[in-house]
Amino acid sequence: MEDFPRMSVLAQESRTRTGPLAWLLVLGIVLAALNLRTAVTSVGPLLDQLAGSLGMTSVGTGLLTTLPVLAFATVGAVTPTLARRIGEHRLLLLALVTLGVGMLVRSLAGSAPLFLLSSAVALSGGAVGNVLIPTLIKRHFPARTGIMTTVYTTALAAGTMLAAAATVPIERASGDWHIALGVWAALAAVAAIPWLALLRSEPERDTGSRDLGIRGLVRSRLAWMIAIYFGTQSMIAYIMFGWLATILTDSGFSTSQAGAVLGIFTALNIPVSILVPMVASRFRDQRPIVAGLVAFYAVGFAGLWAAPPSLALVSVVFVAVGMGSFPLALMMLALRTRTPESTAALSAFGQSAGYLISGAGPLLVGVLHQATGGWALPYTLIFVVLAAQLVTGLYAGRNRYLEDERPRAGDGSAERITV
């Protein structure tokens, strides 16, 4: 039994894709990742204009900003089941087509209900991709999880920043928000092309004999630790993207200065997404990386809270480094499992539960800020979230596997789950 992990690694290495098919898979993953957040970040810069043009009420805009979390949580949960029935390559192709059609329809929408409905369709495609890509990395590149996670998260960060930064200039150049949003549907169509070619290499589908299932994961302590870790890092990200500009303007920054700092913060996600997986993949135990990233977060938020405004940019850089917890959380989905089927189950469970947890963050910050008129309670909340991230990350970062847990007889704790 002592040789099993070693034999498993050797078997995984033998399954790692090489040659032209590998490069086609890499291209497909990169193009898909570029699209997973465009439906989200292309809307934010035009939100006021969209509300006015479509006659969208405050309830409608609130629903629009909540839709990503709802879609990622609900659709992501059923993705492994869909993959078993349809096939992973076919499902990702279908997800990209769904994403593109949803964005195209909403770019043509003339009413708020149609815009919301088509946005939900587009986000559903992105939700499937969120779960499937870590699974495909585990299946096709099991011995190169670190480098492929770096490729994936870097493309994801680049797509996120591109849609956020380019939508307004496109709208100004064309004079029409319909065109500015429709451009991203074309990018989704391009991303589907490699997966059309990859349909011939569809992996053999698992019939369910090795599927952990939601019930098994609900009883797994490791699955919950990863889900909470994912949720806390996502919550911090949503808080920063939603409230950083307001925090800075309350500190004396002008609107343009706050926007520039937010742009720098967003851009820093790309080098962080490159470096963190490369470093973390060198170790079997990721706990030092977890602790280091939380330390960067803590220094950054302490600086934003208590340091002079002149040091705000330095504090934001520290927080941006702490955001490396996102690619690390994605890495754990593959590192803590032995098989692609387990990765799919953990990815669905961890991301679905995590996004549900994270969705409460920006709302709580807004409520606390409005109730007190200051930032002391919101920062206190952030440090509580960081404490939870540290505790769960230290548990999840230890070198262990989900398949080695199962419910003990007579109690609800998790010891080993048989796959």
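## The chain at a glance

A residue counts as buried when its relative accessible area is under 20%, as exposed when over 50%, and as partly exposed in between, using a 1.4 Å probe and protein chains only. By that yardstick, 53% of the 419 residues of the protein chain are buried. This is a predicted model, where local features need pLDDT of at least 70 and side-chain atom pairs count only at pLDDT 80 or more, while totals for chains, interfaces and linings use all residues. Residues are numbered from 1 along each chain as its sequence is written, and side-chain values use heavy atoms, leaving out hydrogens and water.

The protein chain has 18 helices and 2 strands; these are DSSP runs numbered from the N terminus, with helices being H or I of at least four residues and strands E of at least two. Take contacts (heavy atoms within 4.5 Å): among those between residues at least 6 apart in sequence, 81% join residues at least 24 apart.

## Helix α9

Helix α9 covers residues 177–197, and its buried residues include W177, W184, A188, P194 and W195. The buried residues of α9 pack against α2, α3, α4, α6, α7 and α8. At the N-terminal end of α9, D176 acts as a cap, with a side-chain oxygen 2.8 Å from the backbone nitrogen of H178.

## The cores

A nonpolar core here is a set of buried Ala, Val, Leu, Ile, Met, Phe, Trp, Tyr and Cys residues joined through side-chain atoms within 4.5 Å. The largest one has 88 residues, and F115, Y152, W195 and L328 have the most contacts inside it. Helix α7 gives this core its largest share, 11 residues. Another core, of 28 residues, lies apart from it, with A237, L248, V316 and W375 among its members.

Skipping residues up to four places away in sequence, L328 touches Y229, V276, A280, Q286, I289, V290 and L293.

## T266 in α12

T266 sits in helix α12, residues 255–280. T266 is buried, at 13% relative accessible area. Leaving aside residues up to four places away in sequence, T266 touches M161 and F241.

## A cavity

A cavity is a set of points on a 1 Å grid over the protein atoms alone where a 1.4 Å probe fits but cannot get out; lining residues have an atom within 4 Å of a point. Searching the whole structure turns up 2 cavities of 30 Å³ or more. The second largest holds about 40 Å³ of space, and P134, I137, T149, Y152, L330 and A334 line it. Helices α7, α8 and α15 each give two or more residues to that lining.

Technical notes: A polar contact is a pair of N or O atoms within 3.5 Å; within protein, one must be able to donate a hydrogen and the other to accept it, and residues adjacent in sequence count only if both atoms are side-chain atoms. On a 1 Å grid over the protein atoms alone, a cavity is a set of points where a 1.4 Å probe fits but cannot get out, and a pocket is an open set with protein on both sides within 12 Å along at least five of seven lines; lining residues have an atom within 4 Å of a point. Grid points are joined across faces, edges and corners, and a volume is the space filled by probe spheres set on the points.
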